[in-house]
Amino acid sequence: MKVFITGVAGFMGSHLADRIIENGDYVVGVDNLIGGDIDNVNPKVEFYNEDCDNLEKMVEHMKGCDVVFHAACTAHDGFSLFSPYYITKNTFQITMSVLSAAIQNKISKFIYCSSMSRYGEQEILPFTEDMLCKPRVPYGAAKYAAELVVQQICDLNNVYFNIIVPHNIIGPRQCANDPFRNVAAIMINRMLQGKQPVIYGDGEQKRCFSDIEDVVFCIEQLIYRSDLNREIFNIGPDEEFVTINTLARTIADALDFELNPIYVPQRPNEVKYATCSSDKARKLLGYSTKVTLEEGIRRMVEERKKKGPVEFDYHYDIEIVNDKTPKTWVDRLI
Ligand SMILES: NC(=O)c1ccc[n+]([C@@H]2O[C@H](COP(=O)([O-])OP(=O)(O)OC[C@H]3O[C@@H](n4cnc5c(N)ncnc54)[C@H](O)[C@@H]3O)[C@@H](O)[C@H]2O)c1
């Protein structure tokens with residue numbers, strides 16, 4: 001099988017590529033390296049340093065592929081309120097180009113990576129796949145809009161498609177130098193520099209954290225199995241919901257760090273409780289949580305200790321700077 005992966009130098013894309021190659025299959029991967037690292041790319045990947053927005057190149061590189069897994073994105077939830085143009089372009093528009101290339105190439109299966117940001121704030125917890133989506137940030141709105149178009153275009157062209165909705169994912173290779181996203185990686189990076197973690201609001205926001213290994217298992221099912229079509233799956237654990245305060249404590253324990261977090265004002269539109277049900281993934285994909293939060297954090301800490309802490313890189317322009325924009329970003333306090 002020949003699998004086309006976008007965002008192959010990123011966290012999820014690179015782990016998936018490793019697994020597909022371990023399985024003896026072939027990977028063609030694209031990435032423009034805006035958020036990924038070339039060192040993450042398995043040497044056996046047929047790699048192209050390309051922007052997914054380039055439709056012509058997507059059509060060219062995708063030739064002969066059977067399945068497309070589209071992960072490329074600038075996955076910036078809260079930040080997207082302040083750079084809506086760039087983040088939505090790089091979430092929605094690039095999906096259109098990858099999708100169009102997939103149809104032009106008559107690929108048989110399209111798997112789209114959405115986000116739990118699609119749900120927004122809901123009255124009932126945990127979130128289930130059938131809930132009405134009410135995204136509260138442009139990133140979530142762009143993900144959901146892209147899902148709708150994936151459905152429309154794949155249905156019209158009789159292409160199998162499935163959509164995954166991961167929670168917050170953790171694990172080695174998560175980008176650690178981006179001050180705008182990846183809470184666990186940011187906290188680890190700061191604590192290794194002897195700095196206290198920064199927590200928005202009271203830290204009692206609830207999330208689920210999934211280990212990358214468990215996420216890749218689910219994607220593999222969608223790639224190799226032919227009995228799943230037109231499905232949307234929440235991916236990740238629902239056994240325990242974790243507050244940001246607990247996450248900070250777990251990381252501090254793994255690093256033997258004396259914790260005294262810096263609390264800053266809540267970020268606009270942040271969802272307080274974002275927890276997902278994994279019932280559907282358990283039933284249809286055979287999902288089970290194999291890696292606990294503690295173990296996932298331990299693996300990240302080990303990797304970061306080996307590689308060493310990194311400087312935060314403010315390489316995205318903040319389009320809207322006003323009194324609503326978190327000071328941590330404007331004044332580069334992370
Ligand atoms: N990590 C999480 O917690 C999480 C949670 C829910 C959903 N997701 C989704 O999973 C997917 C992968 O996320 P990730 O955590 O691996 O992020 P990541 O930043 O590590 O990987 C994304 C990759 O896409 C590349 N990319 C971005 N824009 C591109 C473009 N225009 N052309 C080519 N390459 C481009 C980046 O360089 C990066 O290597 C994303 O779609 C994200 O929205 C992630």
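**View 1. Ile5 and its partner across strands 1 and 2.** In this predicted model, Ile5 has Gly29 of strand 2 as its bridge partner. Zoom out a little and you see strand 1 (residues 2-6) running parallel to strand 2 (residues 26-31), with 5 bridges between them. As a reminder, strands of a sheet pair through backbone hydrogen bonds, either parallel or antiparallel.

**View 2. The whole sheet, strand by strand.** Follow the sheet across and you pass 7 strands in the order 3-2-1-4-5-6-11. The sheet is open, and its pairing is parallel. Strand 3 (46-49) and strand 11 (231-235) sit at the edges, each pairing on one side only. From one strand to the next, the twist averages 15°.

**View 3. Helix 3 lying across the sheet.** Helix 3 takes in residues 84-104 and lies across strand 1, strand 4 (67-70) and strand 5 (109-113). Compare directions with strand 4 and you get an angle of about 180°.

**View 4. Cys218 and the nonpolar core.** The largest nonpolar core has 95 residues. Val68, Phe69, Phe110, Ile111, Ala184 and Cys218 are the ones with the most contacts inside it. Pick Cys218 and look around: leaving out residues up to four places away in sequence, it touches Ile164, Phe233, Ile235, Ala281, Leu285 and Tyr287. In soluble globular proteins, nonpolar side chains tend to be buried together.

**View 5. The buried side of helix 7.** Helix 7 (residues 244-255) has 12 residues, and at 1.5 Å a residue it should span 16 Å. Its end C-alpha atoms are 17 Å apart, which agrees. Ile244, Leu247, Ala248, Thr250 and Ile251 are the buried residues to look for in this helix. They cover an arc of only 160° around the axis, so they fall on the same side of helix 7. An α-helix has 3.6 residues a turn, so residues three or four places apart point the same way. What covers these buried residues? The list includes helix 5 (183-192), strand 8 (198-200), strand 10 (209-211), strand 12 (242-243) and helix 9 (293-307).

**View 6. Two positive phi angles, at Asn182 and Asp256.** Asp256 comes just after helix 7, in the loop that leads to strand 13 (262-264). Its phi is positive, about 55°, although Asp256 is not a glycine. Asn182 is not a glycine either, and its phi is about 75°. You'll find Asn182 in the loop between strand 7 (168-170) and helix 5. Which of the two classes, buried or exposed, does Asn182 fall into? Asn182 counts as buried because 22 C-beta neighbours lie inside 10 Å, and the cut-off for buried is 20 or more. Asp256 has 7 such neighbours inside 10 Å, so Asp256 counts as exposed.

**View 7. A cis peptide bond at Pro126.** Look in the loop between strand 5 and helix 4 (138-156) and you'll find Pro126. The peptide bond joining Leu125 and Pro126 is cis, with omega at about -10°.

**View 8. Lys195 in its loop.** Lys195 sits between helix 5 and strand 8, in the loop that links them. With 14 other C-beta atoms within 10 Å, Lys195 is partly exposed. Where does Asn158 lie relative to Lys195? The two are 37 residues apart along the chain, and their C-alpha atoms are separated by 53 Å.

Conventions:
Residues numbered from 1 in each chain as written. Predicted model: local features only at pLDDT ≥ 70, side-chain atom pairs only at ≥ 80, totals over all residues. Pairing = 2+ DSSP bridges. Helix = DSSP H or I, 4+ residues; strand = E, 2+ residues; numbered from the N terminus. Axes fitted to C-alpha atoms, helices over the stretch in contact; angles between N-to-C directions. Contact = placed C-beta atoms within 7 Å. Expected span 1.5 Å × (residues − 1). Buried ≥ 20, exposed ≤ 12 C-beta atoms within 10 Å, placed from the backbone. Arc of directions from axis to C-beta. Core = buried A, V, L, I, M, F, W, Y, C linked by C-beta atoms within 7 Å.
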